[in-house]
Every structure is written in structure tokens, then in C-alpha cells.
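Reader: Could you take me through the salt bridges in this one, slowly, and then show me what sits around them? I'd like a close look at that part, with the packing as background.

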Amino acid sequence: MSDSSGTDSARESLTYETFGIAVRELAQTIADDGYEPDVILSIARGGVFVAGGLAYALDCKNIHLVNVEFYEGVGKTLDMPVMLPPVPNAVDFSSKKILVADDVADTGKTLKLVHDFALAHAAEVRSAVIYEKPQSLVKCEYVWKTTDRWINFPWSVLPPVVKRDGQVLDA
């Protein structure tokens with residue numbers, strides 16, 4: 001569905017420039033709340049961009065990455081998200097304040113999996129996303145924008161430069 005300007009009104013489109021503004025505003029909200037994470041836990045792949053921006057803005061040098069497989073395409077998911085190895089070492093999280101970072105809380109299943117994993121090993125866990133959808137199981141503490149539309153992220157809107165067999169691609 002397109003509106004009169006020729007843009008797809010059923011989709012939210014984020015540019016790299018707007019992403020820079022979004023991540024900075026998200027970081028300011030976190031700082032204004034007084035939350036100072038010891039660790040930023042990034043959900044790959046989209047959360048890597050968010051985590052990097054937040055880490056610089058919040059002056060947090062301790063970043064961990066967790067790979068979660070869930071999306072197989074636009075609106076197509078596995079039954080449940082699965083953490084892929086290597087899973088972060090829980091010892092790294094003991095008595096730490098963790099900020100889980102992702103690009104979107106859509107169903108919330110991926111965020112819930114990672115949040116619950118971190119919470120079992122940390123003093124405190126909060127979540128930050130650029131977008132949160134109303135139906136998300138997880139209500140993040142820090143959200144830049146709420147939308148019910150599909151989101152075109154600048155890092156995944158174009159097809160890969162190469163197509164590799166056996167790789168699950170983000171939508």
C-alpha cells in the first residue's frame with residue numbers, strides 16, 4: 001500500500017541519519033533515568049548497531065553479543081527463538097547491571113529469552129530498543145518509538161552483497 005507520496009504507508013522506514021538521532025535520544029533517556037549499565041548485551045544482528053551507539057553515548061566499554069535465531073523472513077518466524085553458541089559466559093554478568101539492546105521489540109519473544117537469561121545471572125536487567133510494537137510480550141524500559149508497522153532498517157533493507165547457502169537472513 002502506497003500513499004500519495006509514493007512511500008509504503010504500511011512500513012516504517014529508518015535511515016542511517018535518523019538512526020543516529022534515535023540512538024542518541026535513546027541514550028539521553030537512559031542517562032536522564034540515572035541507569036548506568038556495567039554491560040550492554042547486544043542481540044545480533046540488528047541490536048549490534050543499537051548497542052554500539054549506546055555504548056559510545058553512555059561511555060560503557062563492556063559489550064557482549066548474543067546470537068538469537070528467530071526470523072526467517074518478513075513475518076515468518078520459528079516457533080520459539082533459540083540462542084546460538086557461543087552463549088555469553090554467565091560469570092561475566094554476576095552482580096552487574098545489564099542493558100539489553102535490540103533494534104525492535106516485535107513479538108518480544110527474542111527479548112524475553114535474552115532478558116530472562118541475563119536476569120538469572122545479573123543484579124539488574126533493563127532493555128532498550130529503537131522500536132517497540134504494541135503486541136510485544138516485553139515492555140522495554142527504554143523505547144525511542146512505538147509502531148505497529150513493519151520496519152525497514154537501513155542495514156537490512158537492501159539484499160546481501162552475496163548470498164550464502166545455509167544462512168538465515170533477516171527480513
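Author: Here is a walk through the salt bridges, followed by the packing and the backbone oddities.

A word on ground rules: this is a predicted model, where local features need pLDDT of at least 70 and side-chain atom pairs count only at pLDDT 80 or more, while totals for chains, interfaces and linings use all residues. Residues are numbered from 1 along each chain as its sequence is written, and side-chain values use heavy atoms, with hydrogens and water left out.

On to the charges. Side chains of opposite charge can pair when their charged atoms come close. A salt bridge here is a side-chain nitrogen of Lys or Arg within 4 Å of a carboxyl oxygen of Asp or Glu, and that rule gives a count of six. Take E12 and R149, which form one of them, with 2.8 Å between the closest N and O atoms. This pair links distant parts of the chain: E12 is in strand β1 (residues 11-13), R149 is in the loop between β7 (142-146) and β8 (150-152), and 137 residues separate them. Helices (H or I, at least four residues) and strands (E, at least two) are DSSP runs, numbered from the N terminus.

How buried or exposed are the two partners? I'm using buried for under 20% relative accessible area, exposed for over 50%, and partly exposed for in between (1.4 Å probe, protein chains only). On that scale E12 is buried, at 6%, whereas R149 is partly exposed, at 28%. The pair doesn't stand alone, either: E12, K145 and R149 are linked in a network of salt bridges.

Next, D106 and K133, whose side chains meet in a salt bridge at 3.4 Å, N to O. D106 lies in the loop between β5 and α3 and K133 in the loop between β6 and β7, so this pair ties together parts that are 27 residues apart in sequence. D106 is buried, with a relative accessible area of 11%, and K133 counts as buried too, at 5%.

One more pair to look at: R126 with E124, where the closest N and O atoms are 2.8 Å apart. E124 is partly exposed, at 27% relative accessible area.

What about cysteines? With a disulfide taken as a pair of cysteine sulfur atoms within 2.5 Å, the structure holds zero of them. C60 is buried, at 7%, and C140 counts as buried at 10%.

C140 turns up again around S127, a residue of strand β6 (residues 124-132). S127 is buried, with a relative accessible area of 0%. Leaving out residues up to four places away in sequence, S127 touches L99, V100, L111, H115, C140, E141 and Y142; a contact means heavy atoms within 4.5 Å.

L111 and H115 belong to the buried set of helix α3 (residues 109-119), alongside T110, V114, F117 and A118. These residues cover an arc of only 160° around the axis, which puts them on the same side of α3. The arc is that of the directions from the helix axis to the C-beta atoms.

Now the greasy part. A nonpolar core is a set of buried Ala, Val, Leu, Ile, Met, Phe, Trp, Tyr and Cys residues joined through side-chain atoms within 4.5 Å. The largest has 25 residues, and those with the most contacts inside it are L26, I30, I40, L54, L99 and I130. α1 (16-32), α2, β5 and β6 each supply at least two of its residues, with the largest share, six residues, coming from α1. I130 touches L14, F19, A22, V23, L26, V50, D102, D103, V143, W144 and K145, again skipping residues up to four places away in sequence. Apart from this core lies another, of 19 residues, among them I43, V68, M83 and V125.

Last, the backbone. The peptide bond from A44 to R45 is cis, with omega near 15°, and R45 is found in the loop between β2 (39-44) and α2 (46-57). D59 has a positive phi, near 55°, in a residue other than glycine; it's found in the loop between α2 and β3 (63-73) and is exposed, at 63%. For S95, phi is also positive, near 55°. S95 is placed in the loop between β4 (76-84) and β5 (97-105), and it is exposed, with a relative accessible area of 63%.
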